[in-house]
Amino acid sequence: MRPADAPPALPAAALKAKDAYATEAVCARILARHRDRIRVRKDHVATANLARIIEAVLKLSSRQGFHETSLRDLAQASGLSMGGLYSYFDNKNTLLVMILTEVAETAEAVLRQAPAGLAADPAAHLRWLIETHIRLTEAMQPWFVFAFMEAKGFPAPARTMATESEAATERIFAEVLARGAAAGAFAVADVDLTAALIKPLLQDWYVKRAKHRKRGVPIQRYIDGVIAFVEKAIAPG
């Protein structure tokens, strides 16, 4: 279980700025990443419209699937004209890449920002990774659900991107498991397989939210349960 003095689940700056993963904040990062292709010059206008577009595509995809969502559907749901949409992307695949890139880059960046000193304590580092991942997906739940649920219908390049993002997360966990195994803190014969087995436990929180809500499971209880389960599974004999 997580000790009382465990480090916070997200970087301190992110905890202080609770809206760091709100749609507009994420869309500001998308704008910065794709500034060369977005034709709207005023940043505040571009960010606000991107937020309307992203919120619309995430909602439409949850109801009817991304593949079945047309640009006309998106224009109507976002309140922008077809020409307005084309100021941000040239086709649906470009929009898809924008979303997937942000999910992948955010996840890896946050999980790589472990507090100083955790590298010397693999058990604490693993607890931090589990909690941080779950809380990040809580903050960006529609984004992660979209990336997970729609992956099978993505075009091949986007499907590869989604697969690589999942592999990147598993590598971060595998690195910590390897350090713990080398130090005798964990009994892990195959760190890559163990990391792959941990991943579905993290995904279950955002993919099957209704199940946990029905059972009355709050996020902290879920986090503590995953940590306890994983620690018991890899505890030295």
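Colleague: Which residue forms a salt bridge with Glu231?

Modeller: The model is a predicted one. A salt bridge requires a side-chain nitrogen of Lys or Arg within 4 Å of a carboxyl oxygen of Asp or Glu. For Glu231, the closest N and O atoms of the pair are 2.9 Å apart, and the partner is Arg127.

Colleague: How many residues apart in sequence are the parts that Glu231 and Arg127 tie together?

Modeller: Arg127 belongs to helix α7 (residues 122–139), whereas Glu231 belongs to helix α12 (residues 219–234). The pair therefore links parts whose separation in sequence is 104 residues.

Colleague: Is Arg127 buried or exposed?

Modeller: Residues under 20% relative accessible area count as buried. Its partner Glu231, at 22% relative accessibility, is partly exposed. Arg127 has a relative accessible area of 16%, so Arg127 is buried.

Colleague: What is the distance from N to O in the salt bridge of Arg35 and Asp43?

Modeller: Asp43 has a relative accessibility of 44% and therefore counts as partly exposed. Its side chain meets that of Arg35 in a salt bridge, with an N to O distance of 3.0 Å.

Colleague: Which residue forms a salt bridge with Arg112?

Modeller: Arg112 is partly exposed, at 43% relative accessibility. The partner is also partly exposed, since Glu108 has a relative accessibility of 32%. The closest N and O atoms are 3.9 Å apart, which falls within the 4 Å cut-off. The residue paired with Arg112 is Glu108.

Colleague: How many salt bridges does the structure hold?

Modeller: Side chains of opposite charge can pair when their charged atoms come close. Arg29, Arg33 and Glu102 are joined in a network of salt bridges. For the structure, the number of salt bridges is 10.

Colleague: Is helix α6 roughly parallel or antiparallel to helix α9?

Modeller: The axes of α6 (residues 92–111) and α9 (residues 156–183) come within 10 Å and cross at roughly 5°. Angles under 35 degrees count as roughly parallel. The arrangement of α6 and α9 is therefore roughly parallel.

Colleague: How many nonpolar residues are in the contact of α6 with α9?

Modeller: On α6, the contributors include Leu96, Val97, Leu100 and Glu108. On α9, they include Ala158, Met161, Ser165 and Ile172. By class, the contact has 3 polar and 1 charged residues, and its nonpolar residues number 9.

Colleague: Which residues does the UniProt annotation "DNA-binding region" cover?

Modeller: The annotation comes from an unreviewed entry. In the model, the annotated span is 65% helix and 0% strand, and its end C-alpha atoms lie 14 Å apart. The annotation covers residues 70–89.

How values were computed. Residues numbered from 1 in each chain as written. Predicted model: local features only at pLDDT ≥ 70, side-chain atom pairs only at ≥ 80, totals over all residues. Heavy atoms only, no water. UniProt positions renumbered as here; feature names shortened; annotations may be inferred. Helix = DSSP H or I, 4+ residues; strand = E, 2+ residues; numbered from the N terminus. Buried < 20%, exposed > 50% of the residue type's maximum accessible area, 1.4 Å probe, protein only. Axes fitted to C-alpha atoms, helices over the stretch in contact; angles between N-to-C directions. Parallel < 35°, antiparallel > 145°, perpendicular 65-115°, else oblique. Contact = heavy atoms within 4.5 Å. Nonpolar A, V, L, I, M, F, W, Y, C, P; charged D, E, K, R; others polar.
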